[in-house]
Amino acid sequence: MSDSDENNRSVQQAIEAQAIDLLAMHRRSPTAKTAAAVEEFRKQSPKHDVALRSADRFLNLSRGLQSDSPGLLQSIWYQSELCLARLAGRPYALASVLLIALAMTGTWYAMNQSRIESSVASLAVSERAPANLYRTIGKQQRKIDLADGSAVWLGWNTEIAVSLAPEERLVTLRRGIAAFQVQSASDRPFLVDANGVRTRVTGTEFIVDLQQRKRVEVAVLEGRVEVEVENDQTAVLVASESVTVTDGSVNDVVTRTAEELGSWREGMLVFSNRPLLDALRTLEPYTSFAIDMRQISKHPGLVSGVFFIDQADDALFTILESHYLTYSGPTRNVLELR
């Protein structure tokens, strides 16, 4: 192996180790600061993004160490896989890794044989975990089935806390975007709190978006919802209507198609004559950039089209080019539009 190859491998190993340490720290004590650190790490380069996704897989599988589930077996082999990749070309080291993996697997199997069948069966059941905190990181989506029969879809980098009490059902959206399909219960309201904005329903389908710190959007796919703000402002929405609350102020209710409102669950953003600034704000959380729109705050442009959220950077530059917008940067991942 050349010195250059060896150096590249060493750099990649360092990135992988940093990804595991950073993500493990965030999972132990999740805060806005640790979440921002994870996202900042991800945006450094494609290698950092890949390393973080590998770290997520590794940590998920490693939870079997505490849970006596088949996840431990997967974790052992995944750790061995990482070692194998790093020790390629060193046969004695490879043999040692394989022997250790086999020994650990045999020990685990002997200790847990009676639990394997029930554990495997549990993997096929819809998630109804007793814990009340659910999250995604980075480019993940996840569906949660709640104990009351409701369902929640979590978008990228989203976190919710769920409390299902006899008198009410409360979800706190701490960050990100979530879609709710609520099981009807007229005597047990379903509430979603997001940065001082409370959405109240008894049974319906709606979305709450808190991907930007000072902006909350509530959109209704089916039924009726009530939106309340801490300063006593309110709005009532029905199907295909949405409203944004910016810095505590309720804006005008607008109408959009169901495809525009809920397409992110299929990995797409659909715009139909969407005002340019609104389209850019919707797209921004999926890009590698923070977008400074102050110099184009009065731009009258409209955006129509279907864009894939995992190709959001390409979509962003396509929209900028079609509206003849230029930009400076990125400086610290900020694009200043002109």
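How do the residues lining the largest pocket divide into nonpolar, polar and charged? The split is 18 nonpolar, 13 polar and 18 charged. Keep in mind that this is a predicted model. Some notes from going through it:

1. The pocket itself. The largest pocket holds about 1,600 Å³ of space. Its lining runs to 49 residues, and those nearest the centre are E39, K43, N157, Q211 and P285.

2. Who builds the pocket. Helix 2 (32-42) is the top contributor to the lining of the largest pocket, giving 6 residues. At least two residues each come from a list of elements that includes helix 3 (46-62), strand 5 (169-181), strand 6 (190-194) and strand 8 (205-212). Strand 16 (290-292) and helix 9 (312-322) are on that list as well.

3. Helix 2 up close. T34, A35, V38, E39, F41 and R42 are the buried residues here. Looking down the axis of helix 2, these buried residues fall within an arc of 160°, so they line one face of the helix. A32 and K33 sit on the other side of helix 2 and are exposed. Note that E39 turns up twice: it is buried in helix 2, and it is among the residues nearest the centre of the largest pocket.

4. Helix 9, for comparison. Its buried residues are A312, A315, L316, I319 and L320. Down the axis of helix 9 they fall within an arc of 135°, so they too line one face of the helix. D314 and E321 are exposed, on the face of helix 9 turned away from its buried side. Right after helix 9 comes Y324, with a positive phi near 55°.

5. Largest cavity. There are 2 cavities of 30 Å³ or more. The largest cavity has a volume of about 180 Å³. It is lined by 17 residues, with D209, E217, E260, L261 and T282 closest to its centre. Two or more lining residues come from each of strand 8, strand 9 (215-222), helix 7 (258-262) and strand 15 (268-275). Strand 15 gives the most, with 4 residues. By class, this lining has 10 nonpolar, 2 polar and 5 charged residues.

6. Second cavity. The second largest cavity has about 50 Å³ of space. D209, Q211, Q212, R215, R281, T282 and P285 line it. Strand 8 leads with 3 residues, and helix 8 (276-283) also supplies at least two. The classes here are 1 nonpolar, 3 polar and 3 charged.

7. Overlaps worth a look. D209 and T282 line the second largest cavity and are also among the residues closest to the centre of the largest cavity. Q211 and P285 line the second largest cavity and appear among the residues nearest the centre of the largest pocket.

Conventions:
Residues are numbered from 1 along each chain as its sequence is written. This is a predicted model: local features need pLDDT of at least 70, side-chain atom pairs count only at pLDDT 80 or more; totals for chains, interfaces and linings use all residues. Side-chain values use heavy atoms; hydrogens and water are left out. On a 1 Å grid over the protein atoms alone, a cavity is a set of points where a 1.4 Å probe fits but cannot get out, and a pocket is an open set with protein on both sides within 12 Å along at least five of seven lines; lining residues have an atom within 4 Å of a point. Grid points are joined across faces, edges and corners, and a volume is the space filled by probe spheres set on the points. Ala, Val, Leu, Ile, Met, Phe, Trp, Tyr, Cys and Pro count as nonpolar, Asp, Glu, Lys and Arg as charged, and the others, Gly among them, as polar. Buried means under 20% relative accessible area, exposed over 50%, partly exposed in between (1.4 Å probe, protein chains only). The arc is that of the directions from the helix axis to the C-beta atoms.
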